[in-house]
Amino acid sequence: MTDINTGMVEKYRNDFLKEVEANVEEGDWVKMCMQCGVCSGSCPLGSDWDHPPQELFMMIRAGKRDEVLQSTSMWMCTSCYNCIVRCPRELPITHIMHGLAHYATRLGIEPKNQPTRQFAQLFWDNLAKNGRVNELWLGVNLYFMNGFVNGIKVALGMAGIGLGMLKTGRLSLKELVGGHTVKDKKGFQAMIKKAQELEAARIDN
Amino acid sequence: MADEMKIGAYICNGCGIGDRLDSGQLEMTATRDGKAAVCQQSDFLCSEAGVKMIQDDIDNEGVNHVVIAACSRRAKIEAFSFENVTLSRANLREGVIWVRPDEDDQRETTQEMADDYIRMACAESKYMKVPAASGQQEVNKNILIAGGGVSGMTAAIEASKAGYPCTIVEKTAALGGATAQLYKKIPTKAPYADPQDNGIAEMVATIEADSNITVCLNSTLTKTAGAPGRFEADISTESGSTETKSFGAIVQASGFTPYDANNLTEFSYSKSQDVITQAELEALAIAADGGAIKRPSDGKEVTNVMFIQCAGQRSKKEGHLEHCSGYCCSASIKQAMYFKDQNPDIDTTVLYSDLRTPGAGGENFYRSGQKKGIIFTKGIASEVVHSKNPIVKFKDLILDEEVEDEVDLVVLATGMVANAGEPTREQITIAENEAKEAGNEYTVSVESILNLDYRQGKDMPHMDNGFADSHFICFPYETQRTGMYAAGPTRRPMDIGQSMDDAMGAAMKAIAAAENAGLGKAAHPRVADLSFPTARLEGCTQCKRCTVECPFGAIDEDEKGFPQFNESRCRRCGTCMGACPVRVISFDNYSIDTVGQQLKAVDIPEEFDEKPRILVLACENDAYPALDMAAQNKMDYSAFTRVIPVRCLGSVSLSWITDSMNSGYDGIILMGCPSGDDYQCHFVKGSGTAQERMSKVADTLETLSLEPERVQTYEISITESDKVVKIINDMADTIEQIGMSPFKF
Amino acid sequence: MSDIVATNQTILVVGGGISGMTAALEAAEVGKQVIVIEKTPSVGGRVTKLYKYFPKLCFPTCGLEINQRRMAANKNITVLTMAEVTDLQGEAGNYTATVKISPRYVNSNCTACGACGDAVEAEFDNEHNYNMDKHKGAYLAHDMAMPKRYVLEPGMIGTDDAQKAKDACKFDAIDLDMQEETLELKAGAVIWATGWRPFDAAKIQPYGYDRIDNVITSVEFERLMDPKGPTGGKLVRPSDGKEAKNVAFIQCAGSRDRNYLKHCSRICCMASLKQSTYVSEKFGDDANVSIYYIDIRAIDRFDNFYQKVQDDKNVTFIKSKVANIVENKENGNPTLKGVDTEGYHRYETEHDLVVLAIGMEPSVDKNTFPIEIKVNDEGFIEQDEANGGVFAAGCSSDALDVNRAVQSATASALRAIQVINKVAQAEG
Amino acid sequence: MSKEYSFYPGCSSQEGASSSNYLKSVNAMCDVLDIKLNIIPDWNCCSASIGYCGGGELPRLALSARNIALSEQHNAGQDIVATCAACWLSTKETQERLDSDAGLMSETNEALAEAGLKLENKSKIRHMVEVLIEDVGYEEMAKHVKKPLDGIKIAGYVGCQTNRPFGIEGESFENPKYLDKFIETMGAEPVENYDKKVSCCGGALAFSEPDKSQLLIKDIIEAAYDGGADMIVTPCPVCQMNVEVYQDKINAKHGTKFNIPVTYYSTLMSVAYGKTGKESGLDGQIIRAKQLEAIASK
């Protein structure tokens, strides 16, 4: 996929739009946006978006491939679904945001240090391993994701909460070893693997 | 109608009239002062019994002039409508008891008010005749349709379906007009998702199969004379032969001219072959006929195209169109679909500032366009650079950045210019004067469509943006030329779907005009009025004011300069009557006397009685209803007021003003409709004209050495009840200040 | 009612608003017999509730006066008020309509003298003012109501008030025993002119119409300007009667939205532009108007009006569908949140009053037409052969402004006449 | 006779997990209402709405598909009921997406085949709240109240995912009323127009964007206090955790003095139904719900 933005006057081609339609979850809805902006106004973390959804849609139509895929914006999505229920054109905006984030990751051009990006990856790895989430490890990894020293800080910062959770039995040290898991790990993992292969076959060529 | 006049006066005592007024006194006034031969009272005059009582007198007593002294002329219209008699209404309810407090010390003045209204009604009655059609009229069901485009064809097909023979006069060699030049049209049926066939072929077939429709191709109207019911049209062919046919009414469906894109130098239209108009794209699409559309310059198959909306429209810039042509957004969506339907990989971008696809169909079509992958970008194009491929420079308003985009083809959504024909003589004069001031020369650049043989000009007056539109919202078909109705884009910019609807409406109005002209009945707004203006020519000074001031071009002049009234062009507003300095113009049921004698009939007390008289001449369409509604809401105004409704302020004769001044009225108020650009006068110019005339009254007052405050003219809208009351009471105060008129005898 | 003559050369007009009146008049004035079926106590419909028309800013009652005079003078027209078509059978040239007439409790003796209105006490919601105020149980819908005949609120029947009203009437016009009537009418053609109703604003939850006092609809705003409206013509807001100088208009409130009405209602942009002039008219330079829009749809000559409003420095346009409205509990101001999409600017703006430019919904629900008829997804009647002798006029055919509604109605009259004339021919 | 459902507890409800106390109270509540929950054997995580980085569309669909398939295999004919908003949402979304896209459906089944499963995709996917409203009904819910929660004012915090995009039949997205009705039914007093009722707590971003999320949480708690609430109640594990556990940090950062208990609707109900504090999962409160404890220990 060539970088379209470098061509000075080759804008507003649908190449990137078509790429999004083909490869991004619910991407074929992007063209239906009429730029009313109700999604952008409805987002709880809206002010933290460099480019709110409706603007991303316009950028996609304008062929701004890298600016879109490298943006941190869609990683700001809290999945509150306000945008979806309010969109007058029934765009599944939440899913498109997730889809764009995933597609950027798949292409390896996502903003690497974006914390939600990191947490989301941890979460997936965590559940993909055992089929169920191991909250303790999830937490531990989360705190240490930006390196050990910083991790200690965060961990200490969160210690109070961790303690509280432990005391109330809502976090269990048992999770350190073993912990929750599906019984049919093999089948589970095979299923995930298969799904990933099928998807890759669809997208990567 | 009976030979000798017999006035029957009928006084109602209902609705509190009887409690508030001395009906015996009223009866005496009617018989003694009003010379009513018959006078009866009723406690419930509008009841079946009451109405029967009146009808009996008409049938058995020979009463032929009926005076109803009850409620406003706007109330109980159905009950008080009698055949073959004149009808006058003394408004004792809304005009007297409802606007006066029920207090003993007011009884005297209130009674005087009522007595005067009886006198006035009787006076009016005395001078009214039962209007009869002139005999000038004839029934002619033939409809002349100028223009053979989709609007004209629709008008013809639909009028014919109703049994009215039509003649289409088409300038070109074929029917179909602009629509025939379209590859496809904007959909007019659910689900409004795809372009539709333009439908011309079927329409042509229908017309050819219809013996009721005559088509004259390569023809123009070289002269249109006459009036509704008896139009005489010269239909001339290119070859020069002329045939004269007569018609009952006319539909003008002369369509539009595409805006000249050569004015758009910023978009390199004249420089680049690959910058084209929507009309030119239609030609390319027809050539491609479902295949790949090739661009003009090098025949390359178009892979990306940009549509620039509002090109030369919605702008006050010199040479641009100020209006929005309404159809171009949908047209660009349709044209982008030409590309997308043929090959979804072609990039189509529509550059718009407001996407205008109203209604159910419009929004569906917009969504359908998006589904097909048309890209809509809110932006303003500043320039199209001519190079191998045109480069569009625009500001993307959403992404807030200046963009340059190189495309294969640029389509300019230029707008519609009306084919409304020549402006009127009046409009031309105004334009010439404006030009003179600007130091230029004004020449009429357009051809006439109708070539009317009217002294007022060759075509219908132009309205906003040069279209032959109606000014009225409630009456979209009301032109200033009776029996002629504009349809389609010559009236207002519109797409095919709207044009077809519009043409049906215009056909309906044309049919009505033809039918009513045949019966000698007036057209809107005094529908079915049989009266018409006549003049005592022996008194006429050929001053031409009547012909000049008639808002509807109803009056011609003969070679000697005497007015020739065309009854069926006339709307019965009476502006000619008001214009006539020698008072020779009148209607059977509305004349210098029917009003003049009313104001004379009012009893003017001696100066020292301290009972001034205020005359109110109120337009029957807005001011009079406003007064009625003030009464309905029990607002009081001065007991010295005497109100006379007039058809239009334009019908007010200066003689009424001078007469009333001479006979001792202390104040005169004229109430007409708002005039000017957004005029509300149902006779277009009536109230404006009246105000011009009144501006000259000041001098007359001078000569009588009277204060100018004594005569005042106001613009009143129907809702302004508070205002009318205030105006009257202010006049009463003014009179207290400046004192009574010295002209009381 | 038995004296009504209806044959298969009669044109039945369902709905007595501006479209129905126009269709009826155009047909009657070429000599056709017309019966108008109007659901409410008086003709005129929605336009009687408008303060001014765009783009001329003239008063609807002005044209109404002419039309009502035309109707009163025309013996070819019969008007049945408080009447509804409950069933319609047959085909072009031969229809039979079942018409239900609700009791008015006032007969044609009424002179509209107002004695009954003065006599009664109990008050009822005033539908003419969108229930923003009340009227007496014996009332005239408005000053120009036609027929000019009083009405008794059904809710009043059986109360002392009803008797008081009866006793006050000198003309024996009040008949408390009046019953619902049903009649069958023949007709050759039917013109369906049932018009529109404002979309239910409460359904637009993010805008809190049902929760925030100072969020009102455009049709309600129109009544505020009217001297006979609930505020006597004062532009004040509901919560505290404070003058509404800083007013926000929200376009596409219910329109162009799959959650509500998918179609564009066409009139709302012009309505808000018009209403922005009301605010200026009242407050001059203290006026502060914000119009939140997606596209301003001021087509043809309406754009000239749009350009005029754009030149008013007290009016700002924001391309944005407002995300939601919350109430500032201290001062009752609605606070609008959203994003101006022209260059991505977030806003959180307080206004004195918010006006929802409410969408246009067909009055008759898609599935409740008394006869098989082609209706599109939006609920508007499609012009179609399959509809036989039933023709839509005005807003039952599409979202239209008054001018276009009247055009449509005039066209529908011709369609009906085509059918009638065929019948006449056949019958010789 | 007792109502039976195929139950999808979800990761956070597991023993020793963040909302294990939710599960406790739900069990106590269901016991009273005679609702039998048959856990889907070997269920797996739904990946909530945060799995999207690593997991693509299909793998994520496969996760929920597996749960539905397992349910259809082992708890045939029973509606699937989830107590966790995210679990309910992901499962319901999966069902919708696969219903509307035959291609995805067959690919999903291809993947499921690897685990020896096949998806019919016919089971109804429901939230416990729906079961209470639609199958049990407010009247029945009220019948079992032994200890009305008199004198407690409660802010009903619905949050996002129980409410959008699906929400509860007949409720609006902006102002759903059912949680307030629950509160009333249990004898407590709901906060009128609690205007943060459906605001977002940051969801999973509470972990990754703590500062941003805590600002959202702060508003939610403030609005509850403004409404005079003694406590907050919610139907969502993430909401419960986020709104409860960060109060100290928010106090430290913004100088607030938040200390408001946040429980589940099921906690209220099982207390009102006379269950002990332990059975009701009150011991799971980091900020103790003293008023409820008092009632429970009566």
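**Exercise 1. How many residues of chain D are in contact with chain C, and what classes do they fall into?**

Solution. Start with the count: six residues of chain D touch four residues of chain C, where contact requires C-beta atoms, placed from the backbone, to lie within 7 Å. Then sort by class: chain D's side has one nonpolar, three polar and two charged residues. Here Ala, Val, Leu, Ile, Met, Phe, Trp, Tyr, Cys and Pro are nonpolar, Asp, Glu, Lys and Arg are charged, and the others, Gly among them, are polar.

A note on the input: this is a predicted model, with local features needing pLDDT of at least 70 and side-chain atom pairs pLDDT 80 or more, while totals for chains, interfaces and linings use all residues. Residues count from 1 along each chain as its sequence is written, and chains are lettered from A and ligands numbered from 1 in the order written.

**Exercise 2. Work out how domains 2 and 3 of chain C meet.**

Solution. First get the bounds, which come from an automatic or database assignment: domain 2 is 115-168 and domain 3 is 199-360. Next, their C-alpha centres are 33 Å apart. Each domain puts six residues into the contact. Finally, domain 2's side splits into two nonpolar, two polar and two charged residues.

**Exercise 3. Which strands of the 17-18-19 sheet in chain C are at the edges?**

Solution. The sheet is open and antiparallel; strands are DSSP runs (E, at least two residues), numbered from the N terminus, and pair given at least two bridges. Strand 17 (324-327) and strand 19 (345-350) each pair on one side only, making them the edges. Strand 18 (334-340) shares six bridges with strand 19, and Val339(C) sits opposite Arg346(C).

Definitions and conventions:
Contact = placed C-beta atoms within 7 Å. Helix = DSSP H or I, 4+ residues; strand = E, 2+ residues; numbered from the N terminus.
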